[in-house]
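User: I'm new to reading protein models and I'd like a close look at one part of this one. Could you start with a pair of neighbouring strands and then show me how other parts of the chain are held against each other?

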Amino acid sequence: MAVTETTTQSWGSRLGDSVKGVIAGIVLFLLGFPVLFWNEGNSVRTAKALDEGEGACIPVESIEKVDSEMEGQLVHMTGLATTQDVLTDDQFGVSTTAIALKRTTEMLQWVEHSKTEEKKNLGGSVTKTTTYTYSQEWLESAVDSSGFKEQGHDNPGFVEFPSEEKRAANVTFGAFRLNERQISRIGSEQAYAFPTDFVCRVERVQRQGATIYVPNKQTRDNALNNRDVASQARIGDMRVKFTVILPHNISLVAKQRGDTFVGYLAKTKKKVDLLCDGAKDAAEMFEDARDANAMLTWLVRLGGFLLMFFGLSMILKPLSVLADVLPILGNIVEMGNGLVAGIVALVCSLVTIAIAWIFYRPVLAIFLLVLAAGGIFLLWKKRQAKQTAAGPAAPAAPSAAF
């Protein structure tokens with residue numbers, strides 16, 4: 001099942017769209033500067049806070065007693081996080097004593113996929129051929145089928161029993177209580193073990209292992225329809241899985257306040273509040289936090305560079321559209337635009353990062369500035385080479401007279 005749609009956009013219309021995109025491109029390009037500058041400052045503040053926290057952290061051997069001498073100190077503790085709260089899924093009747101109970105629902109739905117091929121025409125117009133295909137897929141979110149190109153692929157439009165998660169309000173850690181934010185970070189999910197006498201509150205379901213198959217509403221309303229949902233799934237059918245987080249050992253680095261914990265505020269105004277599943281010493285936890293900080297820093301650096309790159313690409317787009325009167329010329333200009341946008345975005349990113357680091361680590365800043373200068377030099381050499389190649393040809397030598 002597939003539908004093909006062909007459209008042609010004139011050269012003038014394309015040029016107008018590209019000119020409109022210049023403003024958006026300028027905004028994206030300029031946005032890259034504060035994003036990169038903020039990111040470097042945030043990275044350094046976080047790194048310094050972790051260094052300060054590791055130096056101030058005091059290991060506490062036992063969590064079974066609140067030590068008043070540790071009041072206001074950044075402490076490291078390892079022990080059992082547990083709860084007496086009973087969490088219940090009211091719709092399905094699943095109930096357990098756990099730190100978290102999570103329901104994950106996927107519904108079988110039609111999904112529209114599109115693939116577009118473009119062909120540039122002489123004169124600057126572009127013909128787009130888009131092929132739409134359809135497949136049935138299990139997805140958590142509802143897919144709106146009202147805009148599908150081909151009729152006959154209708155979805156319910158909503159998930160009758162959407163995914164949800166419940167967390168215990170009271171989790172103890174020895175003689176201590178964990179706060180809401182700390183409870184939300186406890187992980188280590190595992191499949192819910194259904195009791196032998198479990199009876200689902202949703203009628204006419206089918207359970208296979210840890211999965212509950214729920215027929216669509218039309219099937220449930222038809223008492224004569226007894227199809228096997230697991231092997232003969234239809235649009236609107238759902239498969240539901242439950243997972244739980246049971247009491248287990250965790251490791252914590254936080255500031256002790258009474259019988260609970262708060263974040264340790266470092267001199268850089270960044271908070272140190274670490275939690276992980278399992279038993280880890282303080283050094284491991286701080287190292288993991290540094291790795292996470294480094295990963296976030298590089299991801300935002302990439303994001304800032306891409307903002308600049310796509311912004312510059314949009315600014316230069318009218319040049320390639322103008323040249324598309326001859327498609328081969330337009331392709332050459334487009335490749336050149338991409339190269340220039342990439343080099344300029346890289347240079348601007350490095351300069352911005354270097355300026356930000358001047359406030360924190362001058363040695364690294366100087367290194368980045370040298371790299372940026374190298375990029376500028378390459379651009380200058382490329383321009384000089386073009387000018388030399390485009391220079392007037394040398395006059396021919398006069399022929400000898402006989």
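Analyst: Let's start with one facing pair: aspartate 89 sits opposite valine 94, which belongs to strand 5. Keep in mind that this is a predicted model. Aspartate 89 closes the run of strand 4, residues 86–89, and this strand is joined to strand 5 by four bridges, with the two running antiparallel. Together they make a hairpin with four residues between the strands, and one residue there, glycine 93, takes a positive phi near 85°. Strand 5 itself covers residues 94–97 and has two faces: Val94 and Thr96 are on the covered one, while Ser95 and Thr97 are on the uncovered one.

The loop of that hairpin leads us on. Phe92 is one of the contacts of isoleucine 212, once neighbours within four places in sequence are set aside. Isoleucine 212 is in strand 13, residues 211–214. How buried or exposed is isoleucine 212? Its relative accessible area is just 1%, so it counts as buried. Besides Phe92, its contacts include Phe194, Phe198, Val205, Met238, Arg239, Val240 and Phe242. Take valine 240: it is 28 residues away from isoleucine 212 along the chain, yet their C-alpha atoms are separated by 5.0 Å.

Arg239, on that same contact list, has a partner of its own. Arginine 239 forms a salt bridge with glutamate 106, and the closest N and O atoms are 2.8 Å apart. Arginine 239 is in strand 14 (residues 238–245) and glutamate 106 is in strand 6 (residues 100–120), so this pair ties together parts that lie 133 residues apart in sequence. Both ends are partly exposed: arginine 239 has a relative accessibility of 25%, and glutamate 106 has 23%.

Just before strand 14 comes a loop that starts from helix 3 (217–221), and isoleucine 235 has its place in that loop. Isoleucine 235 is buried too, since its relative accessible area is 18% and the cut-off for buried is under 20%. Leaving out neighbours within four places, isoleucine 235 is in contact with Leu108, Gln109, Trp110, Gln136, Asp154, Asn155, Pro156 and Asn216. Its C-alpha atom and that of proline 215 are separated by 9.2 Å, with their positions 20 residues apart along the chain.

Now for the wider picture of charged pairs. The whole structure has 23 salt bridges. One of them joins the side chains of glutamate 54 and arginine 290, at 2.5 Å from N to O. Glutamate 54 belongs to helix 1 and arginine 290 to helix 4 (residues 282–323), so parts 236 residues apart in sequence are tied together by this pair. Glutamate 54 is partly exposed at 31% relative accessibility, and arginine 290 is partly exposed as well, at 23%.

Helix 1 deserves a moment of its own. It runs over residues 11–56, 46 residues in total, and reaches 66 Å from its first C-alpha to its last, close to the 68 Å expected. Even so, helix 1 bends by about 30° at valine 22. Over in helix 4 we find threonine 297, which counts as buried at 4% relative accessibility. Threonine 297 touches Asn39, Glu40 and Ser43, not counting residues up to four places away in sequence.

There is also a salt bridge between aspartate 273 and arginine 185, where the closest N and O atoms are 3.2 Å apart. Aspartate 273 is in the loop between strand 18 and strand 19, arginine 185 is in the loop between helix 2 and strand 11, and the two are 88 residues apart. Which of the two is buried, and which is partly exposed? Aspartate 273 is buried at 12%, whereas arginine 185 is partly exposed at 28%. Elsewhere, Arg14, Lys120, Lys317, Asp324 and Glu334 are linked in a network of salt bridges.

Finally, the nonpolar side. In soluble globular proteins, nonpolar side chains tend to be buried together. Here the largest nonpolar core has 21 residues, and those touching the most other members are Met77, Val171, Phe173, Leu178, Ile186 and Phe261. Strand 3 and strand 15 are the elements that give two or more residues to this core. Methionine 77 has contacts that include Val60, Ile63, Phe173, Phe176, Leu252 and Phe261. A second, separate core has 19 residues, among them Val159, Phe194, Cys200 and Val202. Phe194 brings us back to isoleucine 212, which is in contact with it.

How values were computed: Residues numbered from 1 in each chain as written. Predicted model: local features only at pLDDT ≥ 70, side-chain atom pairs only at ≥ 80, totals over all residues. Heavy atoms only, no water. Buried < 20%, exposed > 50% of the residue type's maximum accessible area, 1.4 Å probe, protein only. Pairing = 2+ DSSP bridges. Expected span 1.5 Å × (residues − 1). Bend = angle between axes of the 7 residues up to and from the residue. Salt bridge = Lys/Arg side-chain N within 4 Å of Asp/Glu carboxyl O. Core = buried A, V, L, I, M, F, W, Y, C linked by side-chain atoms within 4.5 Å. Contact = heavy atoms within 4.5 Å.
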